[in-house]
Amino acid sequence: MRADADTPHEDVARAELRARAVWFAELAGWRRGFVGGLAAKCGGLGAALLLEPRAVAAASAARRRAARNGEADAESEAESSAFAAVLARGPSPEAAPDSSVVTWVDEAYPPQLRELPDPPPALFLSGLATAGLEALGRRHVVAVVGSRSPSAYGRELAATIARDLTAAGVLVVSGLALGIDAAAHEAALDAARGRRAGNASRGRPSGGVATVAVLGCGVDVEHPPSNRRLFARVRGEGLLVSEFTWGIGARPWRFPARNRVMAGLSEATVMVEGAERSGALITARYALDLGRDVFAVPGEAGRRLSAGPHRLLRQGAAVCESARDVLEALGYGDLAVGWGDRLTGQEAADGTEEDDPARRVAGALDGGARTADQLAAATRLAVPDVLALLAGLEVDGAVEACGGGAYRVRRGR
Amino acid sequence: MLASVPSEALNGLEGHPVDVEADVVAAAPTFSIVGLPDAAVQESRERVRAAIVNSSFAFPSRRITVNLAPADLRKEGPSFDLPVALALLQATGQVPSVNGTRGIAAVGELGLDGGVRPVTGALAVAEGVRRRGVAGLVVPAQNAAEAALVAGLAVYPVRDLRQAAAVLAGGGAGADRAAPVDAAALLSTPPSGDVDWSDIAGQGQVKRALEVAVAGAHNVLMSGPPGAGKTMFARRLPGIMPPMSLDEAIAVTRVHSVAGLLPAGEALVVRRPLRAPHHTISTAGLVGGGATPRPGEVSLAHLGVLFLDEFPEFRLSALEGLRQPLEDGDVTISRALTSVRFPARIMLVAAMNPCPCGFHGDRERECTCPSYRVRQYRSRLSGPLLDRVDLRIEVPRLAPQERRVLDLEQTSEVVRARVTAARERQLERLDGTGAYANAHMTVRHVRRLCRLDPEAVRLLDRAYEQLRLSARACDRVVKVAQTIADLAGAETIAASHVAEGLTYRSHGMGSHAG
């Protein structure tokens with residue numbers, strides 16, 4: 001039991017404390033800022049957990065009146081009644097099976113989260129729970145966040161960075177939203193698969209958590225629905241985490257709360273693309289408040305989606321052009337050897353490619369996505385020949401079409 | 001006294017024989033037209049009366065009955081004005097009813113001053129007249145050229161009623177006859193050259209894809225941001241299609257003539273048509289229809305290109321209506337009294353933006369559409385219709401330096417020669433199948449006629465597995481590969497042909513994730 005900071009009385013049993021933490025978490029899901037306020041009043045979450053449930057109910061009445069005074073995002077009737085029901089029920093030990101919930105009083109609770117001013121009383125889990133918590137405590141953790149509707153550039157960079165971080169052994173955290181989040185999770189899953197295969201072939205244990213997704217709703221609620229397949233993949237090869245209990249739907253105020261957890265879990269936060277008022281900026285601000293590293297990927301000047309990262313850069317965030325920048329800050333030493341090649345995939349640039357047109361085409365794709373016309377100009381081949389070679393490379397899984405008639409080297413296999 | 005002048009009623013693209021009979025008897029003066037006339041034909045009484053009087057003929061003050069035989073066929077439009085007036089003049093003896101007059105038919109609308117105005121469908125009428133064995137046809141002067149396309153028919157162009165009466169009075173002798181049209185010369189006139197394939201800068205991969213599409217008559221879907229040049233390409237497609245034969249030109253002229261789109265005095269449509277209807281068009285406008293069935297855009301594009309820009313914006317019912325014509329090469333419109341068939345052998349060229357704002361997947365400009373709008377936009381594409389599209393072409397927006405890359409050697413004429421050679425190979429191979437180009441091969445034709453060499457088979461099998469192609473997508477790839485082989489003049493389909501064909505398949509338009 002970890003409780004030295006707040007020294008709970010011996011007579012309150014650990015099981016009871018656990019039940020209360022889960023109860024707090026449920027209450028937190030229905031009323032914004034309730035648990036945070038309570039903890040602030042008591043002088044810490046630990047002290048708040050020692051309150052008798054009746055005292056908590058009394059405190060809630062006071063909070064509720066305060067909330068009524070002209071808040072725009074007022075809670076709905078359904079939320080109020082759900083809150084009241086949970087409050088009336090009180091803590092129940094059965095509500096929290098060990099395998100799918102980790103509470104503030106448990107040793108498995110990610111230690112870095114305790115640094116938050118208002119840490120979540122409990123985290124609800126889905127997926128590789130034990131391995132995931134262990135990885136969160138032991139491995140380097142980096143959040144990759146950004147816009148839900150990124151450009152092709154942003155998507156590509158998010159994927160490349162997440163892939164290379166994962167390949168280097170870093171645990172990539174994101175929010176499982178559309179856009180940058182999805183690209184980061186997907187790339188991490190793909191890279192982890194490759195890493196596991198490599199480990200297995202070298203006789204090392206093949207386990208490992210591919211990625212961790214922090215949700216703003218219950219871990220059993222698949223929001224947004226179009227990420228359904230990604231949810232299944234993360235659940236199978238990674239970990240889904242939420243401070244909200246099962247079945248809680250998505251509401252606008254729950255996402256900033258989620259961002260706080262994401263920032264709290266991560267040593268560094270990388271923002272890829274985002275507008276002036278972007279959720280990713282909230283994550284970055286939490287990270288700054290916690291004194292964690294913040295990285296921003298520069299975008300084109302004047303673009304709407306560049307506004308967020310550029311604002312961070314202006315405020316002193318570090319520039320991130322590739323995973324290498326992050327890895328260096330995390331203290332990875334010998335990056336000079338091998339990494340440059342692996343990260344940019346330019347090993348094909350040698351003399352032999354001149355002879356083989358397919359290699360010439362593949363080589364011309366190293367600089368990024370190209371259309372068949374551009375490839376034809378670069379390789380001095382005819383367009384039909386380039387198209388035929390591209391199809392061959394595509395069938396082999398070496399390149400892929402990426403829209404707008406362009407092709408690129410396929411990443412993260 | 002009784003008189004009769006032969007004429008023709010149009011049903012779709014076909015003329016049906018009609019005899020215009022006039023009977024004048026001494027009784028209280030009336031003027032009635034019987035024989036299922038529509039409103040326009042009923043009104044012709046007023047035009048005929050005024051035209052006769054203003055042409056210095058006498059309008060009989062007696063009981064007049066005009067019958068349009070056969071009585072069970074619906075007669076429409078103003079083209080019976082002239083035969084009614086002529087029959088009336090014969091019945092009153094103002095124009096001698098000499099023996100030969102049954103041998104001259106007439107068609108034309110009358111003005112109140114006695115002038116003769118052009119009608120629609122003169123070519124179809126002339127063909128009908130010829131078919132029933134009538135030797136001569138009096139037509140409005142503006143329609144003479146197209147009517148003169150029909151061999152073995154004496155065509156008498158007239159400007160007014162007096163001229164027409166003179167033709168009938170002389171039994172055709174001594175009257176001006178329209179000069180026969182030298183169709184071969186018309187067909188071989190070089191195109192005006194104001195739009196040419198070599199005008200387009202860069203875009204080599206799109207040019208190549210469209211050349212393949214035209215060579216095999218494959219339907220295509222172009223996708224690209226606004227201003228990438230989709231419309232520019234479409235306008236140049238008829239110019240690289242094989243030249244039309246005389247039969248094809250007449251078929252196109254017939255449709256355009258019935259639709260009233262043939263320019264006055266023009267004998268023949270010699271260029272393959274390009275029709276580009278706006279996306280607000282109704283189903284009837286696109287496919288054809290109406291109480292009196294009229295050809296839709298799909299028929300007006302017969303033997304040419306139907307270009308549908310902003311493809312997902314078309315109403316779904318209109319697009320669904322395209323399926324049958326794309327399959328069968330014609331449109332059948334059924335009405336209570338009649339059923340009409342219009343030809344519709346087209347190459348469908350659809351174009352769309354990748355998303356509502358147009359910049360999804362563009363590297364330089366960002367897309368401002370919410371992702372659900374993009375999905376919504378794409379979900380409007382009708383699956384069954386897309387199954388008839390063999391090539392998906394992405395048209396990228398050019399970088400500034402690429403806009404200066406001009407290939408002046410690849411003129412429309414050069415490309416057309418390659419396409420024509422490829423079509424000839426196809427016609428030879430497809431002889432007896434009823435198909436005229438690779439796109440129209442059935443699955444059985446593909447199995448029986450397309451020969452792949454072993455390496456091509458291996459590549460196709462691997463693609464089927466790796467790229468998760470459906471069996472139908474595989475057949476499409478083979479069809480397109482066959483066209484590529486035809487363009488290359490190859491006997492069998494090589495692996496490189498299959499490979500190029502693979503790049504024209506759909507690249508999962510649904511997502512660019514990852």
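This section describes the fold of chain A, the contact between chains A and B, and the sheets and nonpolar cores of the predicted model.

The secondary structure of chain A consists of 17 helices and 12 strands. Half of the chain is enclosed, in that 50% of its 413 residues count as buried. Among the contacts of chain A that join residues at least 6 apart in sequence, 71% link residues at least 24 apart.

One open sheet of chain A contains three strands in the order 10-12-11, with antiparallel pairing. Its edges are formed by strand 10 (370–371) and strand 11 (399–401), each of which has a single partner strand, so one side of each is left without a neighbour in the sheet. Strand 11 of chain A is joined to strand 12 (residues 406–409) of chain A by three bridges, and the two run antiparallel. Within this part of the sheet, Glu400(A) lies opposite Arg408(A) of strand 12 of chain A.

The interface between the chains brings 33 residues of chain A into contact with 30 residues of chain B. On the side of chain A that touches chain B, at least two residues each are supplied by helix 7 (152–167), helix 8 (180–201), helix 16 (372–379) and helix 17 of chain A. Helix 17 of chain A makes the most extensive contribution to this side, with nine residues. By class, the residues on the side of chain A that touches chain B comprise 20 nonpolar, eight polar and five charged.

Two helices of chain B pack against helix 17 of chain A, and each contact can be described in turn. With helix 20 (residues 495–503) of chain B, helix 17 of chain A packs at an angle of about 80°, the axes being 7 Å apart. Helix 17 of chain A is therefore roughly perpendicular to helix 20 of chain B. From helix 17 of chain A, the residues involved are Pro384(A), Leu387(A), Ala388(A), Leu390(A), Ala391(A) and Gly392(A), which meet Ser496(B), Ala499(B), Glu500(B), Leu502(B) and Thr503(B) in helix 20 of chain B. Seven nonpolar, three polar and one charged residues make up the contact of helix 17 of chain A with helix 20 of chain B.

The axes of helix 17 (residues 383–395) of chain A and helix 7 (residues 204–216) of chain B come within 9 Å and cross at roughly 90°. These two helices are therefore also roughly perpendicular to each other. Here Val383(A), Pro384(A) and Leu387(A) of helix 17 of chain A meet Gly204(B), Gln205(B) and Arg208(B) of helix 7 of chain B. The residues of this contact divide into three nonpolar, two polar and one charged.

In chain B, an open sheet of five strands has the order 11-14-17-10-18, with parallel pairing. Strand 11 (274–275) and strand 18 (391–394) of chain B occupy the edges; each has a single partner strand, so one side of each is left without a neighbour in the sheet. Strand 11 of chain B pairs with strand 14 (residues 305–308) of chain B in the parallel sense over two bridges, and Leu274(B) has Val305(B) in strand 14 of chain B as its bridge partner. Helix 7 of chain B packs on this sheet, where it touches strand 10 (220–223), strand 17 (347–352) and strand 18 of chain B. The direction of helix 7 of chain B makes about 160° with that of strand 18 of chain B.

Elsewhere in chain B, strand 8 (residues 136–140) is mostly covered, with five of its five residues buried. Three bridges connect strand 8 of chain B to strand 5 (residues 104–106) of chain B in a parallel arrangement, and Ala105(B) stands opposite Leu137(B) of strand 8 of chain B. Strand 8 of chain B also pairs in the parallel sense with strand 9 (residues 154–158) of chain B, over five bridges. Gly136(B) has Ala154(B) in strand 9 of chain B as its bridge partner.

The largest nonpolar core contains 275 residues, of which Val144(A), Val270(A) and Ala147(B) touch the most other members. Its largest share, 10 residues, comes from helix 1 (residues 14–30) of chain A. Residues up to four places away in sequence aside, Ala147(B) touches Ala122(B), Leu123(B), Ala126(B), Leu137(B), Val139(B), Val155(B) and Ala178(B). A second, separate core of five residues includes Cys355(B), Phe359(B), Cys367(B) and Val374(B).

Note on methods
Residues are numbered from 1 along each chain as its sequence is written. Chains are lettered from A and ligands numbered from 1 in the order in which they are written. This is a predicted model: local features need pLDDT of at least 70, side-chain atom pairs count only at pLDDT 80 or more; totals for chains, interfaces and linings use all residues. Axes are lines fitted to C-alpha atoms, for helices over the stretch in contact, and angles run from 0 to 180 degrees between N-to-C directions. Helices (H or I, at least four residues) and strands (E, at least two) are DSSP runs, numbered from the N terminus. Angles under 35 degrees count as roughly parallel, over 145 as roughly antiparallel, 65 to 115 as roughly perpendicular and the rest as oblique. Two residues are in contact if their C-beta atoms, placed from the backbone, lie within 7 Å. Ala, Val, Leu, Ile, Met, Phe, Trp, Tyr, Cys and Pro count as nonpolar, Asp, Glu, Lys and Arg as charged, and the others, Gly among them, as polar. Two strands pair if DSSP finds at least two bridges between them. A nonpolar core is a set of buried Ala, Val, Leu, Ile, Met, Phe, Trp, Tyr and Cys residues joined through C-beta atoms within 7 Å. A residue is buried if 20 or more other C-beta atoms lie within 10 Å of its own, exposed if 12 or fewer, and partly exposed in between; C-beta atoms are placed from the backbone.
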